[in-house]
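Good morning, colleagues. Please bring the sequence and the model up on your screens, and I shall take you through the fold and a few selected residues.

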Amino acid sequence: MANPWAGEVALVIGGERRVLKLTLGALAELEERLGEDTLVALVERFEGGRFSSRDLMALILAGLRGGGAELGPEDLMRAEIEGGPLAAARAAAELLARAFTVPGQA
């Protein structure tokens with residue numbers, strides 16, 4: 001089960017409930033993959049709606065790795081996400097929000 005107080009988000013991928021979390025290492029990986037220089041630029045990219053489906057996949061992949069999953073990009077590309085692209089986008093938005101929100105302050 002995902003713990004929102006720990007910044008975790010649950011998403012069913014390939015029929016398996018997965019826990020996503022943006023650790024500092026996962027955020028660094030995401031910055032590199034998306035070519036952003038700062039965390040602020042990364043967050044602004046998503047908040048401003050300037051993201052692609054590839055960006056969304058990179059965010060979910062980073063969250064999966066931060067949550068301990070050993071999935072690669074190819075695995076995620078082939079996996080069925082329960083709820084489709086809309087559920088993936090919601091989970092990604094929640095993941096970013098939880099990574100940058102102090103528990104009890106939201």
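**A residue after the last helix**

I begin with Thr101, which is partly exposed, with a relative accessible area of 33%. Please bear in mind throughout that this is a predicted model. Thr101 is placed in the segment that follows α5, the helix of residues 84–99. Which residue lies 94 residues from Thr101 in sequence, yet 8.3 Å from Thr101 in space? That residue is Gly7, and the distance is taken from C-alpha to C-alpha.

Let me now turn to the chain as a whole. The protein chain contains two strands and five helices. Read from the N terminus, the order of elements is β-β-α-α-α-α-α. The radius of gyration of the protein chain is 13 Å, close to the 13 Å that the globule rule gives for 106 residues, so the chain is as compact as a globular protein of that length. Along the principal axes, the C-alpha trace spans about 35 × 30 × 25 Å.

How much of the chain is buried? Of the 106 residues, 39% are buried. The accessible surface of the protein chain comes to about 6,200 Å², and carbon and sulfur atoms account for 52% of that surface. As for contacts between residues at least 6 apart in sequence, 58% of them join residues at least 24 apart. On charge, the protein chain carries 11 positive and 16 negative charges, and the mean positions of the two sets are 3 Å apart.

Next, I should like to consider strand β1, which covers residues 9–13 and includes Ile13. Is Ile13 buried or exposed? Its relative accessible area is 3%, so Ile13 is buried. Leaving aside residues up to four places away in sequence, Ile13 touches Arg18, Ile60, Leu64, Leu76, Ala79, Glu80 and Ile81. Glu82 is 69 residues from Ile13 along the chain, and the C-alpha atoms of these two residues are separated by 6.3 Å.

A second buried position is Leu59, in helix α3, which runs over residues 53–66. The relative accessibility of Leu59 is 0%, and Leu59 therefore counts as buried. Which residues does Leu59 touch, not counting those up to four places away in sequence? They are Leu22, Leu30, Phe46, Ala92, Leu95 and Leu96. Of these partners, Phe46 is 13 residues from Leu59 along the chain, with 9.9 Å between their C-alpha atoms.

Phe46 leads us to the aromatic residues. A search of the whole structure finds one aromatic pair. The pair is formed by Phe46 and Phe51: their ring centres are 5.2 Å apart and their planes stand at 25 degrees, so the pair is stacked. The cut-off behind that term is that planes under 30 degrees apart count as stacked. The two members of the pair may also be set side by side for accessibility. Phe46, at 10% relative accessibility, counts as buried, whereas Phe51 is partly exposed, with a relative accessible area of 36%. The boundary that applies to Phe46 is that buried means under 20% relative accessible area.

To close, I return to Phe46, since two parts of this talk meet there. Phe46 is touched by the buried residue Leu59, and Phe46 also stacks with Phe51. Thank you for your attention.

Conventions: Residues numbered from 1 in each chain as written. Predicted model: local features only at pLDDT ≥ 70, side-chain atom pairs only at ≥ 80, totals over all residues. Heavy atoms only, no water. Helix = DSSP H or I, 4+ residues; strand = E, 2+ residues; numbered from the N terminus. Rg over C-alpha atoms; globule rule 2.2 N^0.38 Å. Buried < 20%, exposed > 50% of the residue type's maximum accessible area, 1.4 Å probe, protein only. Contact = heavy atoms within 4.5 Å. Areas by Shrake-Rupley, 256 points an atom, 1.4 Å probe, with all protein chains shown as cover. Lys, Arg positive; Asp, Glu negative; His and termini not counted. Charge placed at Lys NZ, Arg CZ, Asp CG, Glu CD. Phe/Tyr/Trp six-rings, centres within 6.5 Å; stacked < 30°, edge-to-face > 60°.
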